[in-house]
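Thanks for coming, everyone. Please have the sequence and the 3D view open while I talk. I'll go through the features one group at a time.

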Amino acid sequence: MSDAESDAAFEGVIGRYLHESIPWWPRPVEAEPGSPNFLIIVLDDVGFAHLGCYGSPIETPNMDRLAAAGVRYTNFHVPPVCAASRASLLTGRNHHSVGMGNNPNWNSGFPRGRGAISPAAATLAQMLQSNGYSTFAVGKWHQAPIAETSAVGPFHNWPLQKGFERYYGFLDSLTDHFEPVLTEDNHHRPRPEGEGYHLSEDLVDQSISMVRNQRSLMPEKPFFLYLAFGACHAPLQAPPEWLAKYRGRFDRGWDVERQEVYERQLELGIIPPGTELAPRNDDVLPWDELSAEDQRVSARFQEAFAAMLDHTDAQIGRLLDYLESIGELENTLTILVSDNGAKAGSPTGTFIVNYNQIPVDHSVNLPNIDKIGGPDSHSFSAYGWSQVGNTPLKRYKINTHGGGVRVPMIVSWPARIKDAGATRSQFHHMTDVTPTIIELLDLEAPATYQGARQMPIHGTSMAYTFDQPRAPTRKRTQYFETAGHRAIWHEGWKAVAYHEPATDFEADQWELYHLDEDFSESQDLALEYPPKLRELVERWWVAAGLYDILPLDTRLDGTLSLPPPPGTPAEQRRLRCYAGIAHIPSNAAPDTRNRSYTITAAIERETADDDGVIVARGGITGGYSFFIQGGRLIFEYNHQPGRTRIVSEADVPTGRASVSIRFEKTGDLTGEASPHIDGALVGGGRIAGTFAGLVAIEGLDIGQDSKTAVSDLYRAPFAFGGIIHHVDFELGDDQTDPDQAR
């Protein structure tokens, strides 16, 4: 209840004088005594078969502990991409309907793809906060347009404006786990100092701190903790002792491992008897056909994945131990789920991921093999290992086949769920989490929230499955769509279409599976049951109209090249930034892609030793840095796997000076760069390849390179030793669509 509402409902007496008056204090909304706490743990890009309790060889004792105390769902589905899945989880609605058709890194220009949750879909946090809960979000958010995540916002899509009272984590899709881009509440902050830092440990430290403060000061108030790890999304990074633990474990290759995972799943009852192992994905080579070099590096990437997941599991264990030590674990409903299936990665793995789809092979990977998984890497795994993580299913994250949409899901609530260690096979979906919690608390979703009329909840409560293990599913239909890939499940049957980029949607080949009988989607029945296929495809088109799926849009199929939305810093053609400005997230930084531009800094150097970074955007995965070293002005363009370095032919003078880098576009994604000192040309060179898609996941800094280093000539942050009065960005009017240029 707001102060204005409280005053309007005042139940005391107001007289002329205090002795004639009776004070009255409104009571805040309180949850029912004994209401459970809610802990939702979200893993990132973790496949159906990646947890030990789902058949994996990776050690996950604490997640297995949750499963042993609760139930594992074997027929749980999600939208096959990060942000869409989280939007469904947090709202109980389909992701297109709430504006999260894909990811919030770009605004598609259509209601389906605004990159933010609609005000017409109050979040679970907002509902629980309105009913007496403390609400905390820790970790990955990815529910706000990234162009709106700079220090000036706007903030209406940040966690604190979506129902969470405290927040600590990162706002983008991913971050470096050793040098993360961190946000606390409504402001950016540097990572905690100290050796041996890792983000997953920090996230659990913050989670414990929030719960500790809340239970110490308001012990009767239940809490909702939403803990979303960056693991195991790229970059695959873990502390050295965890990497060492898995050394040599996967040398037998992905074919052997996949077969053994499949057999363990049958033994554990995770997959029904008679389930086939889906055929090898088209992009996966037999392990024996790889060269010895590719086998070595590919196994090392899987070691990094395993180490990261195991390390995350240990952090989950610390949180569970803490809740148990304060007597809260018994009455905490814990949900552990992955946001989508394992990501495809690359043919044999990638040491440094670039975001411009430039192939990387063992000529890059092999010399860096001992760095994989450490702070100098930014790695993805290989197709074959991702297929193992999705056993026994086909395809990957983003695809609407089983490998993209069927994930591990564990529910543990010792005070209520007594069927410990069992499985549940009812079909359910990420939209069903919010209605489950609402039903358990005997609440109703609000008809209006903060003046906005609310869309209905689309999900179906799963609460009945807690006590009725063999009850038929209460869900009837669920659609899927991401990057043009489409599917629909209806009463045990599934129609699915894989969409090749840049092809006609009408040419997509729909497949048909009786999912109740064919767990792994191995027997395509499209030719055998054409009327059933037509029925399901028609149902998909009905859903497309009902849930704002249209228009089908593949511009976000991995290129991330849409223009910045209006009203954001990245849209401006001229921008002046001052030293001390907060880190600017990548999508909020000036958009220099495929256009001419000039960056000019007004600086002052007291001595010739006042070197350092003037402007840096990006990091080890790519970007550019404009800096002074040894008195020379240097512009380095890191376009992984290649670099271009342009050094001035003259020293930068001491005292006041104007230094600039001018890039003249001479063709699509290429041009000439020239440094200038006080307006005079002092060198130049050609940059053969420039960024078309995402420049880098790290953003832009003035006066330092605050995260990983763009250039290998210096160690971050390489802060500028002199004074920067301001830096001006001037962007040319010759930009053409970067994706078309690619």
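Let's start with the aromatic rings. Keep in mind that this is a predicted model. Searching the whole structure gives 27 aromatic pairs. I'll show you two of them.

Here is the first pair, Trp254 and Trp287. Their ring centres are 4.9 Å apart, and their planes stand at 80 degrees. That angle is over 60 degrees, so the pair counts as edge-to-face. Now find the two residues along the chain. Trp254 belongs to helix H7, residues 254-268. Trp287 sits in the loop between H7 and H8. The pair therefore ties together parts that are 33 residues apart in sequence.

Are these two tryptophans buried or exposed? Trp254 has a relative accessible area of 2%, so it is buried. Trp287 comes out at 4%, so it is buried as well.

On to the second pair, Trp493 and Tyr529. Here the ring centres are 5.6 Å apart and the planes are at 75 degrees, so this pair is edge-to-face too. It links distant parts of the chain, 36 residues apart. Trp493 is in strand S17, residues 493-497. Tyr529 is in the loop between strand S18 (510-514) and helix H14 (530-546). The two residues have unlike surroundings. Trp493 has 14% relative accessibility, so it counts as buried. Tyr529 has 36%, so it counts as partly exposed.

Back to Trp254 for a moment. Which residues share an aromatic cluster with Trp254? They are Tyr246, Phe250, Trp287 and Trp385.

Rings also meet charges here. The charged end of Arg395 sits over the ring of Tyr498, 3.8 Å from the ring centre. Lys494 does likewise with Phe480: its charged end sits over that ring, 5.8 Å from the centre.

Next, the nonpolar cores. The largest one holds 75 residues. Which members touch the most others? Leu51, Phe229 and Leu336 do. Helix H8, residues 292-325, gives the most to this core, with 14 residues. A separate core of 39 residues lies apart from it, and its members include Tyr167, Ala228, Ala422 and Ile437.

Take Leu336 as an example. Set aside its neighbours within four places in sequence. Leu336 is then in contact with Ile41, Leu43, Leu51, Met63, Leu66, Ile316, Pro408, Met409 and Ile410. Notice that Leu51 is on that list.

Now a polar residue. Gln478 is found in strand S15, residues 477-482. Its relative accessible area is 4%, so Gln478 is buried. What does its side chain meet? The side chain of Asn94, through a polar contact of 3.1 Å. Leaving out neighbours within four places in sequence, Gln478 also has contacts with Phe427, His429, Thr431, Ala487, Ile488 and Trp489.

Just past that strand is Ala483. It lies in the loop between S15 and strand S16 (485-490). Its phi is near 50 degrees, a positive value in a residue other than glycine. Some background on that. Most residues other than glycine have a negative phi, and most peptide bonds are trans. Ala483 has a relative accessible area of 7%, so it is buried.

Ile398 also has a positive phi, about 85 degrees, and is not a glycine. Its place is the loop between H10 and H11. With a relative accessible area of 24%, Ile398 is partly exposed.

That loop holds another feature. Pro392 lies between helix H10 (383-389) and helix H11 (402-405). The peptide bond from Thr391 to Pro392 is cis, with omega near 0 degrees.

Where else is there a cis peptide bond? One joins Ala231 and Cys232, with omega about 5 degrees. Cys232 is placed in the loop between strand S8 (223-228) and helix H6 (240-245).

Last stop, helix H12, residues 433-440. How many of its 8 residues are buried? The number is 6, so to speak of H12 as mostly covered is fair. The buried ones are Val433, Thr434, Pro435, Thr436, Ile437 and Ile438. Ile437 came up earlier, as a member of the core of 39 residues. Just after H12, Asp442 takes a positive phi of about 55 degrees.

That's the tour. Over to you.

Notes:
Residues numbered from 1 in each chain as written. Predicted model: local features only at pLDDT ≥ 70, side-chain atom pairs only at ≥ 80, totals over all residues. Heavy atoms only, no water. Core = buried A, V, L, I, M, F, W, Y, C linked by side-chain atoms within 4.5 Å. Buried < 20%, exposed > 50% of the residue type's maximum accessible area, 1.4 Å probe, protein only. Helix = DSSP H or I, 4+ residues; strand = E, 2+ residues; numbered from the N terminus. Contact = heavy atoms within 4.5 Å. Polar contact = N/O pair within 3.5 Å; in protein donor to acceptor, adjacent residues only side chain to side chain. Phe/Tyr/Trp six-rings, centres within 6.5 Å; stacked < 30°, edge-to-face > 60°. Lys NZ or Arg CZ within 6 Å of the ring centre and 35° of its normal.
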